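Trainee: I should like to work through some local features of this model. May we begin once it is displayed?

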Amino acid sequence: MKKVIKLNPSQLLVLVFIVSIMVGTILLKLPFSTHQSIKWVDALFIATSAMTVTGLATVDPSSTFTTLGQFIIALLIQIGGLGIMSFAVLIFIMLGKKIGIKERLLMQHALNQTSVGGVIKLVKYLFIFSFTIEMIAMVFLAFRWIPQFGFSKGLFYSFFHSISAFNNAGLALWPDNLSQFVGDPLINIVISTLFIIGGIGFTVLVDIWHKRSFRKFSLHTKLMVVGTLVINVIAMLFIFCVEYSNPNTLGELSIGKKLWASYFQAVSPRTAGFNTIDIGSLDETTIFIMIILMFIGAGSGSTGGGIKLTTALVIGLATISFLRGKSEIVISRRTINSGYILKALAITMVSIVFVIIATVMMNLTEKAPFIDLMFEVVSAFGTVGLSTGITAELTTIGKQIIIFIMFVGKLGPLTLMFSLAKPSKEKIRYPQEDILTG
């Protein structure tokens, strides 16, 4: 009698993602997807990058892939961004089938929720919000790109970039990404609005939609809204000041374009991956700040990656509380459970370990400056997609390392979080003993 292998929700999510990436790889390797044949490792890299909504590319998507190939990439981005399990639930709903506890547990893991309650309703809102926002954005982009490229190409470019932006993928159909639109208000506003909305988290969007008053928002929503605003403003001012006189980035631009470029490049590292200036020409100080922004990432339950903004905020607030001699974190008359502090610390430490190991391995296999290699690794882990220009020059081993890190960045912290969220009840309690720290 055959033994049935039972997978927990985390394992099943990983398996489904691997299968989806493999299918995407095969589709992108077929002759109808490319103008010229590409290596299997490059097809795997692009499929992984699209499914994990990262945006790194070892080949130029604009010249390498046919329109059908680019459509497949957009489809992979959409599925990866909104979640495979979300689409599965949508199909179940459309077929009128009952969604059981197993499916709800999978959705709980996939959407990074703390309970199964309300996850199906969240999926419905997810699709309504996503498709509506993408369609509206596509119309706005079409007004700009149809006159420039013609109806069919302009409409397809609007379709592709609205999906890529909302899902925080960062893939663009130009070799220089969006650099030619550095001072274009419409492109800057539409694209940045898409990836900010996509990166703030679906639970936050639903909360804002229903309550529409900051005082009534949940603590999570308040932290995300205020944290996103503060971190974006600080990053914009920093980039504007540091890069102001850099002739290879902002130096040659008018004051208006300087402001647009500073704004766009400040909000993009939070997992979006688009760029309107040459990342490889940025000052090393700016590069390092972007590494921090990419590591922090977007919001929980969003299309973005990273350790998540709320994770970083909880660790920061815990540190401030300790320095002020307080034993609890109290925000807006709410106390944060100590269990969440432990999870935040665990997620951050495991993420740091992955980044360090991958960076050291890349430094051994690749011939590139250390800061560029670290930037590439953190960009992959945070599913950002920004690069200093070394992606296409990576060795086969280097590409495989980045593929793995993109995969870990998309699923690792998420699945780890829910495995840590299950408390183990000890039957035996041991006496406490102090240790020296600090």
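Mentor: Let us fix one term beforehand: contact means heavy atoms within 4.5 Å. Please also bear in mind that the model is predicted.

Trainee: Which helices are included in what covers the buried residues of helix 12?

Mentor: Buried means under 20% relative accessible area. In helix 12 the buried residues are K258, A261, S262, F264, Q265, A266 and V267. Their cover includes helix 9 (185–200), helix 11 (219–243) and helix 13 (284–296).

Trainee: How far apart are the end C-alpha atoms of helix 12, and what span should its 13 residues have?

Mentor: Helix 12 comprises residues 255–267, and at 1.5 Å a residue its expected span is 18 Å. The model agrees with this, as the end C-alpha atoms of helix 12 are separated by 19 Å.

Trainee: Is helix 15 parallel or oblique to helix 16?

Mentor: Helix 15 (residues 338–365) packs with helix 16 (residues 370–381) at an angle of about 135°, and their axes are 9 Å apart. That angle therefore makes helix 15, relative to helix 16, oblique.

Trainee: What is the handedness of the crossing of helix 15 and helix 16?

Mentor: Residues of helix 15 that meet helix 16 include S351, V355 and A358. On the side of helix 16, those involved include F370, L373 and M374. The crossing of the two helices is right-handed.

Trainee: Is T58 buried or exposed, and with which side chain does its own side chain make a polar contact?

Mentor: T58 lies in the loop between helix 2 (40–51) and helix 3 (61–64). Its relative accessible area is 8%, so T58 is buried. At 2.8 Å, the side chain of T58 makes a polar contact with the side chain of D42.

Methods. Residues are numbered from 1 along each chain as its sequence is written. This is a predicted model: local features need pLDDT of at least 70, side-chain atom pairs count only at pLDDT 80 or more; totals for chains, interfaces and linings use all residues. Side-chain values use heavy atoms; hydrogens and water are left out. Helices (H or I, at least four residues) and strands (E, at least two) are DSSP runs, numbered from the N terminus. Buried means under 20% relative accessible area, exposed over 50%, partly exposed in between (1.4 Å probe, protein chains only). A polar contact is a pair of N or O atoms within 3.5 Å; within protein, one must be able to donate a hydrogen and the other to accept it, and residues adjacent in sequence count only if both atoms are side-chain atoms. The expected span of a helix is 1.5 Å times one less than its number of residues. Axes are lines fitted to C-alpha atoms, for helices over the stretch in contact, and angles run from 0 to 180 degrees between N-to-C directions. Angles under 35 degrees count as roughly parallel, over 145 as roughly antiparallel, 65 to 115 as roughly perpendicular and the rest as oblique. A crossing is left-handed if the near helix is turned anticlockwise from the far one by less than a right angle, and right-handed if clockwise.
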